[in-house]
Amino acid sequence: MADVPQPGAAGTATGAAAGCARPAAGIEARFAVDYAGFRLDVDLRLPGRGVTALFGHSGSGKTTLLRCVAGLEPAARGRLVVNGECWQDDARRILVPTHRRALGYVFQEASLFPHLSVRRNLEFGLHRIPAAARRVPLDHAVALLGIEALLERMPDRLSGGERQRVGMARALLTSPRILLMDEPLAALDHRRKQEILPYLERLHDELDIPVLYVSHAPDEVVRLADHVVMLGEGKAMAAGELHATMARLDLPTAFTEDAGVVVDGTVAEHDDHYHLTRLDFPGGAVWVQRQPAPPGRRLRFRIHARDVSLADHLVEGSSIQNLLPAIVEEVVGADTPAHVLVRLDAGGTALLARITRRAAEQLGLRPGRRMWAQIKSVALLG
Ligand SMILES: Nc1ncnc2c1ncn2[C@@H]1O[C@H](COP(=O)(O)OP(=O)(O)OP(=O)(O)O)[C@@H](O)[C@H]1O
């Protein structure tokens with residue numbers, strides 16, 4: 001984990017950014033950093049809104065990249081433009097110091113002032129911002145993170161998850177132009193993680209602040225991200241929209257047990273008799289266990305490659321209820337010589353299937369072939 005600056009240190013909105021050659025919207029991040037035995041070398045164009053997950057194994061350079069964005073890596077060379085504000089451009093000798101970059105930084109563990117109540121911790125950050133530059137009012141941040149009941153507590157009376165929510169609220173109060181989150185859930189157990197994820201989703205849905213979110217937990221990435229950067233040994237192996245990236249067969253993620261696509265569905269109807277809910281998405285629908293969500297609600301889910309089998313005709317008399325017509329797009333070798341991975345297009349939604357090589361040959365799988373995808377199970381996110 002990165003060094004933790006003093007509470008509230010990162011991020012003021014004093015408008016210190018230099019004018020920069022555009023792009024006005026979006027994040028341009030080009031950095032090179034050299035350490036003995038490690039080089040970060042990236043040239044990224046990222047969306048100026050939504051959550052971009054920085055994903056990769058330990059030591060791949062995720063924290064180093066975040067620190068470059070924060071201006072905390074003195075050795076970083078390059079150029080950084082955040083939605084039209086230039087924070088670094090070596091060619092023009094521009095380097096905005098960290099304390100003048102309007103950013104919020106959330107670490108694995110929030111470092112709150114122990115002698116101040118939660119409210120005073122939050123106000124401390126807020127008062128550093130000129131009133132005219134405050135874009136996120138205290139009440140709004142408190143409500144978004146659900147910490148109303150914690151305001152008068154001292155930090156040593158908070159659980160790990162509560163501390164993180166306070167830390168996130170404090171980061172928001174700096175009116176950041178970007179939020180940097182470095183494994184904000186890594187120190188929490190599974191239950192606390194599940195408690196905090198809905199608040200992160202709310203930040204995503206209700207605020208227009210781009211987030212760079214470091215994680216090596218695939219479940220977090222697929223639940224929260226719109227965009228993903230896969231780092232490997234200091235390089236961006238892939239960068240792109242989440243759904244398309246998860247469906248790629250040329251990335252290491254395709255060769256893990258966890259390979260599979262992410263689908264954004266909409267609750268269409270409930271079947272109260274059988275306790276089922278139908279989720280519609282472009283190209284089809286799946287029935288899942290009854291969900292406590294009204295029709296129209298968006299629900300993201302995963303279909304793992306291991307849970308999809310293929311047939312060349314509509315199989316009747318099967319217990320598998322979720323069947324989708326789909327066209328084969330690509331077939332590649334999988335993680336074992338006995339298997340192949342197949343990417344299919346189900347009416348605009350990508351699917352991956354992991355089946356045996358023998359089955360692939362017997363079915364005559366090749367690009368363009370029409371098949372029926374049988375979906376054995378769907379993993380709902382959130
Ligand atoms: N100040 C430094 N001096 C020398 N090497 C460094 C320094 N900071 C980071 N490194 C090295 O850079 C590489 C990338 O580190 P970084 O912390 O960015 O990886 P990461 O992907 O965030 O890893 P993790 O998931 O374990 O946090 C590592 O090999 C690390 O040892």
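Helix α1 (residues 62-70) supplies the largest share of the shell around the ligand, with 3 residues. This is a predicted model. Around the ligand stand Tyr-35, Phe-38, Gly-56, Ser-58, Gly-59, Ser-60, Gly-61, Lys-62, Thr-63, Thr-64 and His-216. By class, this shell has 2 nonpolar, 8 polar and 1 charged residues.

Next, the domains. The domain assignment of the protein gives domain 1 (27-246) and domain 2 (260-380). Their C-alpha centres are 34 Å apart. Each side brings residues to the contact: 5 from domain 1 and 5 from domain 2. On the domain 1 side, α6 (218-224) and α7 (242-246) are the elements that give two or more residues. Helix α7 gives the most to that side, with 3 residues. The residues of domain 1 that touch domain 2 divide into 3 nonpolar, 1 polar and 1 charged.

Now a helix pair. Helix α2 (residues 118-126) packs with helix α4 (residues 160-173) at an angle of about 25°, and their axes lie 8 Å apart. The angle is under 35 degrees, so α2 is roughly parallel to α4. Their crossing is right-handed. From α2, the contact uses Val-118, Asn-121, Leu-122, Gly-125 and Leu-126. From α4 come Val-166, Ala-169, Arg-170 and Leu-173.

The table sets out residue classes for the three sites.

| Site | Nonpolar | Polar | Charged |
|---|---|---|---|
| Shell around the ligand | 2 residues | 8 residues | 1 residue |
| Side of domain 1 that touches domain 2 | 3 residues | 1 residue | 1 residue |
| Contact of α2 with α4 | 6 residues | 2 residues | 1 residue |

Technical notes. Residues numbered from 1 in each chain as written. Predicted model: local features only at pLDDT ≥ 70, side-chain atom pairs only at ≥ 80, totals over all residues. Domains from an automatic or database assignment. Contact = placed C-beta atoms within 7 Å. Helix = DSSP H or I, 4+ residues; strand = E, 2+ residues; numbered from the N terminus. Nonpolar A, V, L, I, M, F, W, Y, C, P; charged D, E, K, R; others polar. Near = placed C-beta within 6 Å. Axes fitted to C-alpha atoms, helices over the stretch in contact; angles between N-to-C directions. Parallel < 35°, antiparallel > 145°, perpendicular 65-115°, else oblique. Left-handed = near helix turned anticlockwise from the far one by under 90°.
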